[in-house]
Amino acid sequence: MKITTEDIPKGKLIMISGEIDMHTSPALRDVLMKLTKKKVTPIIVDLLEVSYMDSSAIATFVEALKNMMSYKGSLRLCNLSQRVSEIFTFAKLNKIFEIYKTREDALKNC
Amino acid sequence: MNSKTKHIASITIPSHPMYLSMIRAFIEKLLLLIDTPPSVIEDIKSGVDEACSNVIKYAYNHDYTKSIKVSFNCSRSEITVTIEDEGAFSSCLDFKGRDLSEVRPGGLGIHFIKKAFDKIDFKRVDDTNRLILIRKIKKTTMKPKKKGRQKIRSNKGK
């Protein structure tokens, strides 16, 4: 898994590629926890190149979302593959997260 | 391959999370051999990945020096996956996942395992945990096999 971050006018854009599993999710958690500790908002996560996601990845995003709720931050996910989208739906999290079809949509109002 | 043909294969990995991707790649290649539908392959990859993660976390308590054996017995109607470890007694049958209407980290893995498999069984044999996962394959979801000689298509120019 590779994580790239980029400053945007407001907040931060995170681009992830590869597989997010028990081995790689701690690195993602580190990035998200550092940002939420600084109360960064919005955080936009582009999942275009994510080919696999397990329950630890979902747990990492849920933890970040909960942290952000404390300061009314916005965590936006975009470019979910069909499989990743199905995982969020199965976990009943598709309506909890702000999910956008494209990065451009997620970046609106940033 | 006729309907009675069985594919038996196994892989043993160290109990380190970095090897979970190897298991997933192995599953994909193996199940493609028997024309398993992509959605079923993804389900099984996910279910086995979660079950092996549980072994690392609970049976081995994050001891990365142990091993996990994953065996497959595949026919065109059923895929049986057996996951063996020599860690502490740990049966995912006892795991209670979180209520899916709750929003909190954790407790999802067992739901992925149950989503992937029709039958889940656990046995403790001597000092070995043996988790047996069975996924039935509906015949209608299998790709039809062409009879006779098949033309080899070239991808050139595509």
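Visitor: Hi! How many helices and strands does chain B have?

Guide: Welcome! This is a predicted model, and in it chain B has three helices and five strands.

Visitor: What pattern do they follow along the sequence?

Guide: Reading along chain B, you meet β-α-α-β-β-α-β-β.

Visitor: And in what order do the strands sit in the sheet?

Guide: The order is β1-β2-β3-β5-β4 in chain B, an open sheet of five strands with antiparallel pairing. From one strand to the next, the twist averages 15°.

Visitor: Which strands stand at the edges, and why do they count as edges?

Guide: Those are β1 (7–14) and β4 (119–125) of chain B. Each has a single partner strand, so one side of each lacks a neighbour in the sheet.

Visitor: What holds paired strands together, in general?

Guide: Strands of a sheet pair through backbone hydrogen bonds, in either a parallel or an antiparallel way.

Visitor: Back to β1(B). How many bridges does β1(B) form with β2?

Guide: Eight bridges, in the antiparallel sense, link β1(B) with strand β2 (residues 67–74) of chain B. If you want a spot to look at, find B:Ala9, which stands opposite B:Phe72 in β2(B).

Visitor: Where does helix α1 of chain B lie?

Guide: Helix α1 (residues 20–33) lies across β1 and β2 of chain B and runs at about 170° to β1(B). Helix α2 (residues 38–59) of chain B packs on the sheet too, where it touches β2, β3 and β5 (128–136) of chain B. The direction of α2 makes about 15° with that of β3(B).

Visitor: What share of chain B is buried?

Guide: Buried residues make up 28% of its 158 residues.

Visitor: New topic: how many residues are in the largest nonpolar core?

Guide: That core has 61 residues. Among those with the most contacts inside it are A:Leu47, A:Met53, B:Val55 and B:Ile83. Helix α2 (residues 55–69) of chain A gives the largest share of this core, eight residues.

Visitor: What does A:Leu47 touch?

Guide: Leaving aside residues up to four places away in sequence, its contacts include A:Ile16, A:Leu77 and A:Val84.

Visitor: One more: where is B:Leu100?

Guide: B:Leu100 is in the loop between β3 (78–85) and α3 (109–116) of chain B. B:Leu100 counts as partly exposed because it has 13 C-beta neighbours inside 10 Å.

Visitor: And which residues does B:Leu100 touch?

Guide: Not counting residues up to four places away in sequence, B:Leu100 touches A:Ala91, A:Lys92 and B:His111. B:His111 is 11 residues from B:Leu100 in sequence, and 8.8 Å from it in space, C-alpha to C-alpha.

Technical notes
Residues numbered from 1 in each chain as written. Chains lettered and ligands numbered in written order. Predicted model: local features only at pLDDT ≥ 70, side-chain atom pairs only at ≥ 80, totals over all residues. Helix = DSSP H or I, 4+ residues; strand = E, 2+ residues; numbered from the N terminus. Buried ≥ 20, exposed ≤ 12 C-beta atoms within 10 Å, placed from the backbone. Contact = placed C-beta atoms within 7 Å. Core = buried A, V, L, I, M, F, W, Y, C linked by C-beta atoms within 7 Å. Pairing = 2+ DSSP bridges. Axes fitted to C-alpha atoms, helices over the stretch in contact; angles between N-to-C directions.
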